[in-house]
2 protein chains.
Amino acid sequence: MKPIDGGVCAPQGFQAGGIRCGIKGGSSKRDLALIYSEAPCTSAALFTANRVKAASVLVSQQHLARGQIRGIIANSGNANACTGEAGIAAARRMAELAGAALHIPGEQVAVASTGVIGVPLPIEAIAEGMKALRGAIRADAQGHEAALEAIMTTDIRKKSGSLEIEIAGLPIRLGGMVKGSGMIHPNMGTMLCFITTDVLISQELLDQALRRSVQRSFNRVTVDGDTSTNDMILIMANGEGHNPPIQTEGTDFAVFAAAMEGLCVNLARAMARDGEGATKLLTVTLRGAADEASAAVLAKSVASSNLVKTACFGADANWGRVLCALGYAGIDFDPHKVEVAVASAAGHLSLCKEGMGLPFSEDRAKQILLEDEIEIIITLGQGSGEAVVWGCDLTYNYIRINGDYRS
Amino acid sequence: MKPIDGGVCAPQGFQAGGIRCGIKGGSSKRDLALIYSEAPCTSAALFTANRVKAASVLVSQQHLARGQIRGIIANSGNANACTGEAGIAAARRMAELAGAALHIPGEQVAVASTGVIGVPLPIEAIAEGMKALRGAIRADAQGHEAALEAIMTTDIRKKSGSLEIEIAGLPIRLGGMVKGSGMIHPNMGTMLCFITTDVLISQELLDQALRRSVQRSFNRVTVDGDTSTNDMILIMANGEGHNPPIQTEGTDFAVFAAAMEGLCVNLARAMARDGEGATKLLTVTLRGAADEASAAVLAKSVASSNLVKTACFGADANWGRVLCALGYAGIDFDPHKVEVAVASAAGHLSLCKEGMGLPFSEDRAKQILLEDEIEIIITLGQGSGEAVVWGCDLTYNYIRINGDYRS
């Protein structure tokens with residue numbers, strides 16, 4: 001598994017691009033992206049669990065259900081959510097416009113939107129921009145970068161990756177881009193994630209690899225507990241790597257699934273690191289739970305606690321807040337067996353053993369917690385369940401960004 | 001039901017007081033409180049659902065299980081949580097010391113603590129202060145005020161109340177004090193609530209009235225989603241009002257239960273208003289849910305959302321965040337029937353109907369949301385379930401207070 005350049009354009013036969021069509025009003029930023037596979041694809045996707053779903057989600061779900069996706073049209077600056085029948089019609093038209101430009105059926109195009117809720121989508125601006133967008137897509141890293149820029153909203157960093165593996169001696173590539181801050185717990189800036197690969201694989205196994213990967217990556221990220229109306233993760237596999245088709249769960253599938261999980265974990269960590277206003281990436285590692293599912297719930301409770309998050313911001317080794325957050329996670333455990341430690345590039349320090357505080361140097365703790373990437377390591381002593389969850393600190397800038405997002 | 005003065009000392013036969021014994025270190029603030037009934041009581045209590053329970057909670061639960069409580073000893077500045085066997089012994093000793101000073105068995109005294117987790121309780125300071133504390137208790141508003149001050153930590157406002165009702169033509173009084181910010185969703189500053197009354201009532205009915213009241217008051221408050229190790233609400237009823245004993249669910253019980261609910265709602269609202277760093281009280285009223293329980297879950301999801309809370313801070317009528325928070329509450333509803341409005345002393349404004357935005361004046365919305373007490377009114381159109389939940393905005397000061405709480 002080696003890192004390569006190119007993002008979603010790294011796999012063979014994919015093109016991408018992004019332009020400014022004017023959805024973001026006076027802004028000079030790109031706001032419309034297109035990703036396209038020259039060959040037909042197998043595809044799989046996961047969508048938000050929110051009861052309130054954006055028009056783009058509803059239309060993409062329909063298109064996925066009817067067949068295979070080989071194009072993605074995505075806009076930023078407008079969520080096209082809570083926009084009624086007109087919003088659905090606009091999302092459908094977006095897919096049709098992109099399909100027409102690419103000479104493929106509109107039903108083979110997925111639609112994604114991110115931005116403000118409840119404002120009609122300026123579909124005419126998208127229609128007018130479509131020709132320029134079609135002309136802008138290209139099969140290299142520049143195309144990838146432009147598309148990525150066009151889906152960003154409050155994101156500060158660009159979050160993408162690509163890698164190469166070998167299947168039956170042949171090079172196979174995966175590339176991905178993501179915007180936002182989580183799948184289960186994203187902020188309203190919405191998580192959109194698009195993955196491309198030139199592997200040849202059955203739809204069932206592609207879907208299975210995606211679900212497994214998301215479970216241990218995007219579903220382990222928490223920024224502020226809110227789940228957006230627009231979240232979407234979509235993968236297209238076009239088979240242009242010409243490997244022997246992966247149709248069973250053998251070694252080839254294992255290699256591909258591991259690569260996909262690796263890519264997703266990197267993107268998920270990058271999202272947490274780029275949480276709104278965040279100054280630190282927080283990794284919560286929980287060991288010794290009854291099982292992996294309980295471990296994930298407990299770790300997420302810690303990583304989601306506003307009090308733990310503000311303590312991380314303040315570089316305060318307040319392990320009592322960690323125990324408190326474990327205690328209200330709704331999972332049974334023995335408080336008298338809990339151990340808590342913190343770690344970072346600056347070192348490792350035990351704070352709590354058998355549910356009680358250890359004497360420790362506050363200066364040493366501060367030194368560890370002042371790093372950009374910090375880890376809270378919890379051991380429960382109940383079993384062998386383990387999970388890693390990523391989050392970030394809660395800062396003044398989170399309040400600033402979200403205290404006047406619309407205005 | 002008329003408001004009266006005196007707090008927990010308003011009912012006949014109760015005394016209270018508070019002193020500084022030195023738990024808060026160099027601070028000149030009071031840190032040790034005592035509340036005492038001259039006559040034996042019936043009592044009832046509810047404790048934190050957190051798996052990690054403070055020593056004070058464990059000891060008070062034992063004392064409650066064994067008999068009736070007529071004294072409460074409470075300290076601030078130290079939570080006596082995650083302090084092991086020594087912590088339990090210290091909590092027991094606290095009850096014994098208070099019992100000895102009051103000439104009642106230690107088992108008739110409940111213990112409450114609030115403050116930093118994981119630091120040994122300085123029990124000797126409490127032992128040394130006990131004589132002064134015993135001497136300081138008195139049956140008037142001053143005693144109440146001193147006790148209230150002694151249980152406050154990051155609280156800014158004093159939160160208490162007392163009222164008088166009539167039962168069988170006789171005046172009956174209830175008084176209460178609270179510190180912290182919630183029962184289900186308190187901050188780590190811990191919620192402690194002590195209620196006194198001179199009603200004569202059976203233990204079963206006292207317990208029932210308390211549970212019902214808490215359900216619609218403290219359980220409807222949310223500040224930051226964290227549930228403390230130390231939360232406790234305790235009521236003592238000493239019968240000194242000499243009403244005909246309330247032993248069945250007739251009119252007398254209804255009058256008493258309504259008064260208790262009224263007192264608890266006022267204390268709960270005051271807690272939300274005093275949430276850490278809060279500048280506004282947020283009331284979320286949800287109507288038209290399938291039932292009251294779903295209504296409470298949905299309203300709490302809105303009031304707990306960091307994005308809704310920051311929008312309230314920014315006086316931004318971002319109704320899309322309200323719909324989003326409803327959508328991830330885990331309750332089924334039809335997004336196309338949702339209505340959202342905001343209201344305050346400055347007026348009422350509809351923002352969303354049939355799940356879609358209405359045209360509205362942003363200036364008008366800002367004017368309404370700039371008030372100190374604001375309301376979000378949601379109508380679902382599913383049934384007749386209704387609930388009111390109280391919360392507060394999320395501000396720079398929340399980050400400041402919690403970014404360096406320990407240090």
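## Domains of chain A

Domain bounds here come from an automatic or database domain assignment. The model is predicted. Chain A is split into domain 1, residues 2-273, and domain 2, residues 281-403. Their C-alpha centres are 32 Å apart.

The two domains touch through 11 residues of domain 1 of chain A and 12 residues of domain 2 of chain A. On the domain 1 side, the touching residues are 4 nonpolar, 4 polar and 3 charged.

## Helix 1 in chain A

Helix 1 of chain A covers residues 55-66, 12 residues in total. From first C-alpha to last, helix 1 spans 17 Å. That is close to the 16 Å expected at 1.5 Å a residue.

Which residues of helix 1 of chain A are buried? They are A55(A), S56(A), V57(A), V59(A), S60(A) and H63(A). An α-helix has 3.6 residues a turn, so residues three or four places apart point the same way. The cover over the buried residues of helix 1 includes two strands that carry lower numbers than strand 10, namely strand 4 (42-47) and strand 6 (109-114) of chain A. Helix 2 (84-102) and strand 10 (232-237) of chain A are also among the covering elements.

## The six-stranded sheet

In chain A, 6 strands make an open sheet. Their order is 14-13-12-15-11-16, and the pairing is mixed. Strand 14 and strand 16 (385-392) of chain A are the edge strands. Each has a single partner strand, so one side of each has no neighbour in the sheet.

Strand 11 (residues 281-289) and strand 15 (residues 373-379) of chain A supply a parallel pairing, with 7 bridges. Within this pairing, L281(A) has E373(A) of strand 15 as its bridge partner.

## Antiparallel pairs in chain B

Strand 12 (residues 339-344) of chain B pairs with two strands described here. With strand 15 (residues 373-379) of chain B, strand 12 runs antiparallel over 6 bridges. What is the bridge partner of V342(B) in strand 15 of chain B? It is I376(B).

With strand 13 (residues 347-353) of chain B, strand 12 is again antiparallel, through 5 bridges. S344(B) stands opposite G347(B) of strand 13. Strands 12 and 13 of chain B form a hairpin, with 2 residues between them. Strands of a sheet pair through backbone hydrogen bonds, either parallel or antiparallel.

## How the two chains relate

A turn of 180° with a shift of 0.0 Å along the axis lays chain A on chain B, at an RMSD of 0.0 Å. The two copies are therefore related as by a two-fold rotation axis. In chain A, Y396(A) has the C-alpha nearest that axis, 2.7 Å from it.

## The interface between chains A and B

Each side brings a set of residues to the contact: 52 from chain A and 52 from chain B. On the chain A side, the elements giving two or more residues are helix 8 (306-313), helix 9 (319-327), strand 14 (356-357) and helix 11 (396-403). Helix 9 of chain A gives the most, with 8 residues. The side of chain A that touches chain B holds 22 nonpolar, 22 polar and 8 charged residues.

Why can the copies be said to meet through the same surface? Because 100% of the interface residues of chain A are also interface residues in chain B. Strand 14 of chain A thus has two roles here: it stands at an edge of the sheet, and it gives residues to the side that touches chain B.

Terms used:
Residues numbered from 1 in each chain as written. Chains lettered and ligands numbered in written order. Predicted model: local features only at pLDDT ≥ 70, side-chain atom pairs only at ≥ 80, totals over all residues. Least-squares fit on C-alpha atoms with pLDDT ≥ 70 in both. Contact = placed C-beta atoms within 7 Å. Helix = DSSP H or I, 4+ residues; strand = E, 2+ residues; numbered from the N terminus. Nonpolar A, V, L, I, M, F, W, Y, C, P; charged D, E, K, R; others polar. Pairing = 2+ DSSP bridges. Expected span 1.5 Å × (residues − 1). Buried ≥ 20, exposed ≤ 12 C-beta atoms within 10 Å, placed from the backbone.
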